[in-house]
Amino acid sequence: MRIAMGNDHAATGLKMEIMEYVKGLGHEVVNFGTDTSDRCNYPEFGEKVGRAVAAGEADCGILICGTGVGISIAANKVRGVRCGVCSDATTARLIKQHNNANVLAFGARIVGPELARDIVRAYLEAEFEGGRHQDRINMFTEIEGRSGL
């Protein structure tokens with residue numbers, strides 16, 4: 001699987017750890033984030049990952065900022081992106097199974113490296129269940145159309 005990753009300055013260290021972990025699981029990683037701790041703006045990286053996923057250049061995305069919230073808001077502004085913020089593995093699994101989330105976000109100031117690995121693994125191993133959940137995904141698409149996204 002090809003995974004787009006993005007981060008801001010608050011998450012550079014954790015992003016590096018998660019990139020190596022994801023590669024170790026056998027996935028390809030495309031780095032759209034910063035590699036320094038110099039102050040930067042997380043919306044830029046959320047948008048880059050969102051656009052790569054929406055365009056099919058990546059199978060899914062992983063975003064990390066201080067809380068995961070700001071960068072996820074930016075990604076969700078891209079048409080076709082369904083990004084969820086997770087602070088536990090159960091939520092990470094469910095955003096894929098029920099919401100067919102194509103981007104995962106979490107906060108470097110919220111979760112540590114071990115929990116981050118658990119979250120990423122749960123998300124990557126989960127599969128969309130379809131069925132009644134597909135009706136809701138279709139509703140998301142309708143909302144995007146009405147919103148001009």
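**Group meeting: strand β3, the α4/α5 contact and N100**

I'll start with a pairing in the sheet: I62 has L104 of β5 as its bridge partner. This is a predicted model, so please keep that in mind throughout.

That bridge belongs to the pairing of β3 with β5, which is parallel and runs over five bridges. β3 also pairs with β1, residues 2–7; those two strands run parallel as well, joined by five bridges. There, G6 is the residue standing opposite L63 of β3.

Now, how enclosed is β3? The strand covers residues 60–65, and six of the six are buried, so the rest of the structure largely encloses it. In a regular strand, side chains alternate between the two faces of the sheet. In β3, C60, I62 and I64 point one way, while G61, L63 and C65 point the other way, and all are buried.

Next, the helices. The axes of α4 and α5, residues 113–125, come within 8 Å and cross at roughly 25 degrees. Because that angle is under 35 degrees, α4 counts as roughly parallel to α5. The crossing is right-handed. On the α4 side the contact uses A89, A92, R93, I95 and K96, and on the α5 side D118, I119, A122, Y123 and L124. By class, that gives seven nonpolar residues, three charged and no polar ones.

Last, the loop that follows α4. N100 sits between α4, residues 89–97, and β5, residues 103–107. Most residues other than glycine have a negative phi. N100 is not a glycine, yet its phi is positive, at about 50 degrees. Its relative accessibility is 22%, so N100 counts as partly exposed.

Conventions: Residues numbered from 1 in each chain as written. Predicted model: local features only at pLDDT ≥ 70, side-chain atom pairs only at ≥ 80, totals over all residues. Heavy atoms only, no water. Helix = DSSP H or I, 4+ residues; strand = E, 2+ residues; numbered from the N terminus. Buried < 20%, exposed > 50% of the residue type's maximum accessible area, 1.4 Å probe, protein only. Axes fitted to C-alpha atoms, helices over the stretch in contact; angles between N-to-C directions. Parallel < 35°, antiparallel > 145°, perpendicular 65-115°, else oblique. Left-handed = near helix turned anticlockwise from the far one by under 90°. Contact = heavy atoms within 4.5 Å. Nonpolar A, V, L, I, M, F, W, Y, C, P; charged D, E, K, R; others polar. Pairing = 2+ DSSP bridges.
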